[in-house]
Amino acid sequence: MVKKIVPIFILALLTALCLPGGEAMPADGGAKIPAGEKYVALTFDDGPRRGTTERLLDGLKERGAKATFFLIGQQIEDNAALVARMAEEGHQIGNHTWSHQRLDGILPDEAAQEVARTEAALEALLGGGEYWLRPPYGQVAEGVELGVPMVKWCVDPRDWESRDAEKVTRAILDCVEPNSIILLHDIYSTSVDAALRVVDRLQEEGYWFVTVEELLWLNGVTPEAGRMYRTGKG
């Protein structure tokens, strides 16, 4: 679970920052966390999905990149092995409601149920934890209290609309900057292609790919229940 991973990550980073000349410090799993690096969070909605999510996980593992996955609850049971793999490989796993229901146009009790069903499915598979929420379309009605941090985004290449890997890649690279939270959907093959191209390009430019929770910690932000985060700085 990410709650166990973050302290190790941050400890390694802080140690690296204390090294003379900003030398890199080996981190858990053989990765290196350079001091003074640029950080960004890739996030994926609407999965998991066989084929595309699996290929994405393969590509992220190959590149040593971490991501955050906001899962639709009704898709978890049939893709349990993929979800377990996400957790085992250090990705953050979050909640994207049970049926991709908008949370800004339904009663508070209905919204809470959409979130609670997915949380229960994740707890049954992965154990207890805090599964952050990405509300579908990034909106929650006033008065809805969901008890966990919520995550929006600041870079949206509209990958669901174009289904064009090159266009999506360009849209991200044109807008990304340190501490960006990028929105993508791992149910589209073109989005997986774009994501891996973006990782390759930004790693060449000195970016480090972390989970949303890690991104906030790296900026000294303590996540608060009920608050919506759009970048690594809040």
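Here a trainee and a mentor talk through a predicted model of a protein.

Trainee: Let's start with confidence. What pLDDT does the protein average?

Mentor: Good place to begin, as this is a predicted model. Of the residues, 85% score at least 70. Residues 1-33 are another matter, with a pLDDT below 50, although this stretch has 56 contacts in the model beyond near neighbours in sequence. Over the protein, the average pLDDT is 87.

Trainee: Thanks! How many helices and strands does the protein have?

Mentor: Let me set the scene with burial and contacts. Buried residues account for 50% of the 234 residues. Among contacts between residues at least 6 apart in sequence, 72% join residues at least 24 apart. As for the elements you asked about, the count is eight helices and nine strands.

Trainee: Now the interior. Which helix gives the most to the largest nonpolar core?

Mentor: That core holds 36 residues, and Leu42, Leu60, Phe69 and Phe209 touch the most other members. The top contributor supplies seven residues and spans 189-204: helix 7. Apart from this core lies another one of 15 residues, including Phe70, Trp153, Trp208 and Leu216. So that the name you wanted comes last, here it is again: helix 7.

Trainee: Which residues is Leu42 in contact with, leaving aside neighbours within four places in sequence?

Mentor: Leu42 is one of the residues that touch the most other members of the largest nonpolar core. With its neighbours within four places set aside, its contacts are Leu60, Ala67, Thr68, Ile182, Leu184, Val199, Phe209 and Val210.

Trainee: On to the pockets. How much space lies in the second largest pocket?

Mentor: Look at its walls before its volume. The lining has 15 residues, and Tyr137, Trp153, Trp160, Leu183 and His185 lie nearest the centre. Strand 3 (38-47) and strand 7 (181-185) each supply at least two lining residues. The space in this pocket comes to about 250 Å³.

Trainee: How many residues in that lining are nonpolar, polar and charged?

Mentor: Trp153 and Leu183 are among the residues nearest the pocket centre, and so is His185. By class, the lining of the second largest pocket is made up of seven nonpolar, three polar and five charged residues.

Trainee: Tyr137 caught my eye. Is it buried, exposed or partly exposed?

Mentor: Tyr137 sits in the loop between helix 4 (108-126) and strand 6 (150-151). Its phi is near 65°, a positive value in a residue other than glycine. Because its relative accessible area is 48%, Tyr137 counts as partly exposed.

Trainee: Asn179 has a positive phi too. Is Asn179 buried or exposed?

Mentor: Phi of Asn179 is near 80°, and the residue belongs to the loop between helix 6 (165-175) and strand 7. Its relative accessible area is 14%, so Asn179 is buried.

Trainee: Which two residues does a cis peptide bond join?

Mentor: The proline of this pair lies in the loop between strand 3 and helix 2 (52-63). Omega is about 0° for the bond, which joins Gly47 and Pro48.

Trainee: Last one! Why does Asn79 count as buried?

Mentor: Asn79 is found in the loop between strand 4 (67-71) and helix 3 (80-88). Beyond its neighbours within four places in sequence, it is in contact with Pro48, Arg49 and Arg50. The cut-off for buried is under 20% relative accessible area. Asn79 counts as buried because its relative accessibility is 8%.

Methods: Residues numbered from 1 in each chain as written. Predicted model: local features only at pLDDT ≥ 70, side-chain atom pairs only at ≥ 80, totals over all residues. Heavy atoms only, no water. 1 Å grid on protein atoms, 1.4 Å probe; cavity = no way out; pocket = protein on both sides within 12 Å on 5 of 7 lines; lining within 4 Å. Points joined across faces, edges and corners; volume = space filled by probe spheres on them. Helix = DSSP H or I, 4+ residues; strand = E, 2+ residues; numbered from the N terminus. Nonpolar A, V, L, I, M, F, W, Y, C, P; charged D, E, K, R; others polar. Core = buried A, V, L, I, M, F, W, Y, C linked by side-chain atoms within 4.5 Å. Buried < 20%, exposed > 50% of the residue type's maximum accessible area, 1.4 Å probe, protein only. Contact = heavy atoms within 4.5 Å. pLDDT = per-residue confidence, 0-100.
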